[in-house]
Amino acid sequence: MDTVDRSARPAGTVVDVGLGVVFAAGTAFTAFMLATSWGGASWAFDLAVSLVVGALALLRGRWRPWAAVAGVAVAGAATALSLAADLPQEPAPVPALAMAVLVGSAIRTLRAGPAAGIAAGGVAVVALTWLSGPTGVTTIATPALAGALVVGPALRLSGGGRP
């Protein structure tokens, strides 16, 4: 079943292309920065997480709510693993933005129960990120998710989501 409003597809396609460009550029930049600062293969883990969560965000219209659940789960697992294994902090900028897109989209389009569960999962991931202390990652992840928690319901109430 196609849950995407056909009249919104051209604008949605432009948004998805823009997100894809931002995800690709951000992933490449973060991988470069991690390779030059942490050295070794420290960038590989973030690259994998960025690709998976970014792809799920771009496919959010096809597999609702599964893309959102999977994206939040991958970001959460990556965050826990980065804490346990002394890897660069997750969710890095691209996974944090992608997770915010997934959470905001879920709030906008899903029934209240699943949307609240996905939003709570996103909040838990960001809270887990703060266990490492305030860093650039927390500075990006926190307002990105806060934006999703504001914009998602606003779009829903304005008629852009589920009635």
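**Helix α1, helix α4 and a buried glutamate**

T13 is found in helix α1, which covers residues 9–37. In this predicted model, T13 has a relative accessible area of 47%, and is therefore partly exposed, as this value falls short of the 50% above which a residue counts as exposed. Although T13 and L58 are 45 residues apart along the chain, their C-alpha atoms are separated by 9.8 Å.

Helix α1 also holds F32. With a relative accessibility of 52%, F32 counts as exposed. It is joined by F29 and M33 in a nonpolar patch on the surface, and together these residues present about 330 Å² of accessible area.

Attention may now turn to helix α4, which runs over residues 93–109. Of its 17 residues, 14 are buried, so the helix is largely enclosed by the rest of the structure. Its length is in good order too: at 1.5 Å a residue, α4 should span 24 Å, and this agrees with the 24 Å between its end C-alpha atoms.

The loop between α3 (66–84) and α4 is the place of E90. This glutamate is buried, yet has no salt bridge. Its nearest side chain of opposite charge belongs to R60, 19 Å away. Once neighbours within four places in sequence are left aside, E90 is in contact with F45, D46, V49, A78, T79, S82, P95, T129 and V137. Among these partners, A78, T79 and S82 fall within the residue range of α3, while P95 falls within that of α4.

Methods
Residues are numbered from 1 along each chain as its sequence is written. This is a predicted model: local features need pLDDT of at least 70, side-chain atom pairs count only at pLDDT 80 or more; totals for chains, interfaces and linings use all residues. Side-chain values use heavy atoms; hydrogens and water are left out. Helices (H or I, at least four residues) and strands (E, at least two) are DSSP runs, numbered from the N terminus. Buried means under 20% relative accessible area, exposed over 50%, partly exposed in between (1.4 Å probe, protein chains only). Lys and Arg count as positive and Asp and Glu as negative; His and the chain ends are not counted. A salt bridge is a side-chain nitrogen of Lys or Arg within 4 Å of a carboxyl oxygen of Asp or Glu. Contact means heavy atoms within 4.5 Å. The expected span of a helix is 1.5 Å times one less than its number of residues. Patches are made of residues with over 30% relative accessible area and no salt bridge: like charges are joined within 9 Å, nonpolar side chains (Val, Leu, Ile, Met, Phe, Trp, Tyr) within 5 Å. Accessible areas come from the Shrake-Rupley method with a 1.4 Å probe; for residues, only the protein chains shown count as cover.
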